[in-house]
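Please look over the sequence and the structure shown here before reading the report.

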Amino acid sequence: MMMEVLRDLVPLDRVMCSPDYDRTIEYLKQRFPLTELAYGPGAEHNGWVIPPSWEALESRIEKDGKLVYDGKWHPVATMALSAPFEGTVDLEELKRHLHFDHRYDDAVPFHFRGLFRSWERDWGFCVPKSLYDSLQPGEYQVTIRTREEPGALRMLEWDLPGELDETIVFGTNLDHPGVANDGLSGVVVGLELFTRLAKLPRRNLGYRLVLTQGIMGTEYYLGHQEPARREKLLAGVMLEMIGSPTQLALQYSRAGDSPIELALADELARRGVDHRTGAFEEVVLNDEYMWEAYGVPMSALTRFPYREYHTHWDDVDLMRPDLLLEAVDVLEGAIEQVEATPLIFKRFEGNVCLSNPAYDLYVDPGQVAFGDKPDPRRKKLRLLMDTIPSLTRPISVRQLARQVDLDEETVDEYVRRWEAKGLLELRP
């Protein structure tokens, strides 16, 4: 299924608002139980402006009646959201509108910045450096004809409810014209994962797959969510650039201790998968910071970096089906771990007098002045005791154990004593 979807969708010119992006939405809605959300046209949010729906109808460079460059040969060959232009220019002027990858002679880069600055539009092409260097002085005839209309941000989500309202979210990017790994590989991994999760007889937690345009789509999605629904998002994972023959990487969220990323770290190690880990923004910089700005701890599973990134070389032939499946299996195993780890819900406010015989939960830190010797374990237990009243969101036993540097068994035994006094609830 994953390779079939990639073969069908990769060739399309999936800029964030475009007829081919709309075709992508309709294709996926026909194949999977996805719900559509849409924002716009023209709606501004936090300074972000939805670009027009754009399509290049004709795009070419000619000289002396001969074709020099076909801007339609690949979706990245015409600059995304290029302004229309028809006219004759000299070589100096033409080169101001040609964009190439300075690292490679034959790669055609993806020029995306105009999509996020639609108020600053220009015309242009993306070309190989070898072509740029070979151009001779003279006059060039440039033709870029486009079709435009008001644009809307269309996106999809797949919600799988659980026994609890608390939800783990998986983010993916559905746009990026003509490429496979950057965006679509995460989409197909997410779809395969949710196809498996949908078959489970029951789920303790909810799970949500979100397919949006990169950066801007995520901002509109989160900014327009009802706060009560958004607050139920415990944590998430960005699935991105995950099908290339490069090493798998787990990038942690800012806090680095959400249930799903801890489970992913354990699952990667348990399976012996060749991988590395990194702190927030140490491996990749994508939509993670958008989710974090709305209070959702967001880790990432990726195979970035890879040589073909943001070039036309990022195609279906680059995709490794076995590595796509490896990512799905790791994610499924991590979810099994999350499902088996209790969540702690606080059922009180303020600070309870834990030394009161009615509770008997106090951890005495000792007093050095009276002859008590430092006890590192007792210090950690005291930290555990002091941490519980400050919890603001549900937390897993594993998370809490990591925060106070104690083993899970000790933490589980202590919090269940709190539960027996009606102060906490552990679910499931």
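The text below treats one strand with its pairing partners, and then one tryptophan.

This is a predicted model, in which local features need pLDDT of at least 70 and side-chain atom pairs count only at pLDDT 80 or more, while totals for chains, interfaces and linings use all residues. Residues are numbered from 1 along each chain as its sequence is written, and side-chain values use heavy atoms, with hydrogens and water left out.

Helices (H or I, at least four residues) and strands (E, at least two) are DSSP runs, numbered from the N terminus. Buried means under 20% relative accessible area, exposed over 50%, and partly exposed in between (1.4 Å probe, protein chains only).

Strand E12 spans residues 206–212, and 7 of its 7 residues are buried. On one side these are Gly 206, Arg 208, Val 210 and Thr 212, and on the other Tyr 207, Leu 209 and Leu 211.

Two strands pair if DSSP finds at least two bridges between them. The partners of E12 are as follows.

| Strand | Sense of pairing with E12 | Bridges |
|---|---|---|
| E10 (residues 153–160) | antiparallel | 5 bridges |
| E11 (residues 167–173) | parallel | 7 bridges |

Within E12, Val 210 is the bridge partner of Glu 157, and Gly 206 is that of Thr 167.

Trp 48 lies in strand E3 (residues 48–49). Trp 48 is partly exposed, at a relative accessible area of 22%. Beyond its neighbours within four places in sequence, Trp 48 has contacts (heavy atoms within 4.5 Å) with residues including Phe 116, Ile 215, Tyr 220 and Met 290.
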